[in-house]
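Hello,

Here is the structure I promised to pass on to you. Have a look at it first, and then read on for what turned up in it.

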Amino acid sequence: MPSATVNNHRPSELLSRLASAEPEVKVRALREVKNQIIGNRTKKLSFLKLGAVPSVAGILADSIDEVTENDNRNNNNTNNILVQSAAALGSFACGFDAGVQAVLDAGAFPNLLRLLANPNEKVVDAGARALRMIYQSKLAPKYDFLQQKNMEFLISLLSSEKENVSGLGASIITRSCETNLEQKTLFDAGILRKLNSLLEGGSLSQRDASLESLSTIFRNNPEVISKFAGPEIGRPFSSIIDLTKDRYPRTRLLACMCLIVIRNASPHFLQDIGIKTKIIHILLELLDDPGQVGDEAPFAFSSLIAQKEDLQKLALEANAIDKLHHHLQKGSFHPRRFEGILLALADMCSKLESCRSQFLSLQVLNLVADALTDYNSGVRTAACVCLKSVTRSMKNLSAGYFMNEIIVIPLVQLFLDPSSSVQVAALGAVSNIVVDFTTRKSVFVQCGGMKQLVQLSKSMESSVRSNALWALKNFVFQADNRLKEGVFSELTASLLSDLICDPEPSVQEQALALVRNLVDGCINLIEFVFAEDGLILGAIGRQLQCASKAEIGIQGMYALCNVASGNEFHKEAVIQQLFSQMDDKNQSFVIKFLQSNDSQLRTATVWTIVNLTCPSSHGAPGRLEKLHNSGITSQLKNMVNDPCVDVKLRVRTVLGQSMAFGDN
């Protein structure tokens, strides 16, 4: 039989003791609840299901009311209850969103704030610590910095000598500051001076909290960064740079992250190559940290080098790919770290061929392929993103490194992944792999890839539809007739016409681009757009009439351009689409496209006209007359000196063809 002592520690028994009228029993029960749930998510859930948080929140509220009503501020029992109830609530909230939500739902948040005004230092510290736990979560209440009284309260927090109180002020900024106006308001109120002073003279906890707050205030705001760099602050960047050498790994990471935010928002700062190289080396070293710092380091590294060739070159010189590969080989680490390393490799290989070559020479590809089947959706997504970067290399695609069963089969299986993010990432990788290699595309067809792409083009998620069409567009690019016929047979004219008229512009664009590639080449392929009484051709004409962005017009006009390269019947069908919606009140969309600021749209439109007016076509004079009567020829004459060379050359071709038929 269990002993009485063991029973007293059970969650249900502890909750009954919380209701005790004896202060000492209540304090011991609160302390025991706190001790049982610290770092134990399972125990937290057990207590949540039993309604522990409302009970503890009720004890906190009653004790605060007792202090207020009886002016009982020096009662040790009451203060102990306040400290332990606040500590228990903080433990429920620490790193556990369900706990944070329970604390907020129980109405404990305003009472924890009230503790900050208590004269007892231990009570204040317990309240501040609990509030900091809440402000680690995205569920924390938004703090309105634009209200004067709130700003004064925030300044009082940051000015406190108590570590948890000033840290709370910094945590509130990190979680609540979101807009440029809020960033500017915080700067104007002198908050950055307060944070900088904590950097230079604060404790470890205060320095870390200040670094996070500064990153939040600087993010995407060059104006605030420039002001911070001015004479008002003193040694602004020096304090942050100094902390990259701190003995504590988390401080080094946060200092690097702050410098990265500064450089990403204002590239003219921190141009010194020594500082950039130093940050790269620090972040690569931090990968060795076994805890959260090591998990977050690759993400910071990615944000440093993303889209920046100069920094990718420096990272390559620092053996970044080799070191990231080394960590991948270790295996058995937290999914967050696995995901971060894969994304860091993706950014390393996003631009430089030299990086991709080293990636392949180290045989990192096999490890990335294995990650495609990882149980964690974030890891699977990151593996796809990494493959997408590596497959940007035409040289390596030509070598056939990727169109094989080891890569293609798991990617195709991810088309059925329950996560749409994974599906989109897999489609992105496949879009690169299937380009231009007709001799190997059978592998993709045989494993069901083509049919799956068609199915995904019907997805309820617009991003999935768009990316599936993108992959199909690349799949049929310069493919043989048999493969194109297979794709069209699977798609059908009715589905393609529906996709051309999809509510989402991105889907419209990719559907038109797919048609463009399908009908490119053999004249027999042009017949696709005439299937089912010309459903596709009619959809193209309607979409061009109301195109919401230039990219839709570009793809639609190139599709018509390819159709117009066919026989006389095809050309007449195109000219009919150009003018089918036009009447005395409506200007032809062709003229709008020719007057567009987008040179690609002007080029596509003029190319279509070139194909319609080819001198070898006996119907060209009649089509030229229609173009002349609609004002298109006149518009072309105004474009003979177009700033775009392609447009200028094609315009002169059309006008030359026009003159051949006697039109001056």
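**Two loop residues with positive phi**

Let me start with Q363, which is exposed, its relative accessible area being 54%. Please keep in mind throughout that this is a predicted model. Q363 belongs to the loop between α23 (353-361) and α24 (364-371), and its phi is near 60°, a positive value in a residue other than glycine. That is worth a note because most residues other than glycine have a negative phi. N220 is another residue of this kind, with a phi near 60° although it is not a glycine. You will find N220 in the loop between α14 and α15 (222-228), and at 60% relative accessibility N220 counts as exposed.

**Salt bridges**

How many salt bridges does the structure hold? The answer is 18. One of them joins K142 to E182, with the closest N and O atoms 2.6 Å apart. This pair links distant parts of the chain: K142 sits in the loop between α9 (121-134) and α10 (148-158), E182 sits in helix α12 (residues 180-188), and 40 residues separate them. The two partners can be described by their accessibility as well: K142 is partly exposed, at 45% relative accessible area, while E182 counts as buried at 7%.

Another salt bridge brings together the side chains of E568 and R623, at 2.6 Å from N to O. Here, too, distant parts of the chain are linked, with E568 in helix α37 (residues 568-579) and R623 in helix α40 (residues 620-629), 55 residues apart. Both E568 and R623 are buried.

A further one to look up is the salt bridge between R602 and D642, whose closest N and O atoms are 2.9 Å apart. R602 is part of helix α39 (residues 599-612), D642 is in the loop between α41 (632-637) and α42 (645-660), and the pair, 40 residues apart, again links distant parts of the chain. Both R602 and D642 are buried.

There is also a network of salt bridges, made up of R263, K276 and D310.

**Aromatic rings**

A search of the whole structure turned up ten aromatic pairs. If you would like a place to zoom in, try F218, F228, F237 and F269, which form one aromatic cluster.

Some rings have a charge over them. R336 lies over the face of F299, 3.7 Å from the ring centre. In a similar way, the charged end of R516 sits over the ring of Y558, at 4.0 Å from the centre of that ring.

**Cysteines**

How many disulfides are there? The count comes to zero. C256, for instance, is in no disulfide, and the nearest cysteine sulfur, that of C258, is 10 Å away. C256 counts as buried, with 0% relative accessibility. Why is C644 not bonded to C561? The sulfur of C561 is the closest cysteine sulfur to that of C644, but at 15 Å it is too far for a bond. C644 counts as buried as well, at 18% relative accessibility, because the cut-off for buried is under 20%.

**The largest pocket**

The largest pocket has a volume of about 1,300 Å³. Its lining is made up of 42 residues, and those nearest its centre are Q136, R175, E212, R250 and Q292. Which helices supply at least two residues each to this lining? They are α6 (76-93), α9, α11 (163-176), α12, α14 (204-218), α17 (249-265) and α19 (292-305). The largest share comes from α14, with seven residues.

**One long distance**

Finally, here is a pair to help you get a sense of scale as you turn the model around. The C-alpha atoms of M450 and A108 are separated by 55 Å, and the two residues are 342 residues apart along the chain. M450 is in helix α30 (residues 449-456), and M450 is buried, with a relative accessible area of 9%.

Enjoy exploring the structure, and do write back with any questions.

Best wishes

Methods
Residues numbered from 1 in each chain as written. Predicted model: local features only at pLDDT ≥ 70, side-chain atom pairs only at ≥ 80, totals over all residues. Heavy atoms only, no water. Phe/Tyr/Trp six-rings, centres within 6.5 Å; stacked < 30°, edge-to-face > 60°. Lys NZ or Arg CZ within 6 Å of the ring centre and 35° of its normal. Disulfide = S-S within 2.5 Å. Buried < 20%, exposed > 50% of the residue type's maximum accessible area, 1.4 Å probe, protein only. Salt bridge = Lys/Arg side-chain N within 4 Å of Asp/Glu carboxyl O. Helix = DSSP H or I, 4+ residues; strand = E, 2+ residues; numbered from the N terminus. 1 Å grid on protein atoms, 1.4 Å probe; cavity = no way out; pocket = protein on both sides within 12 Å on 5 of 7 lines; lining within 4 Å. Points joined across faces, edges and corners; volume = space filled by probe spheres on them.
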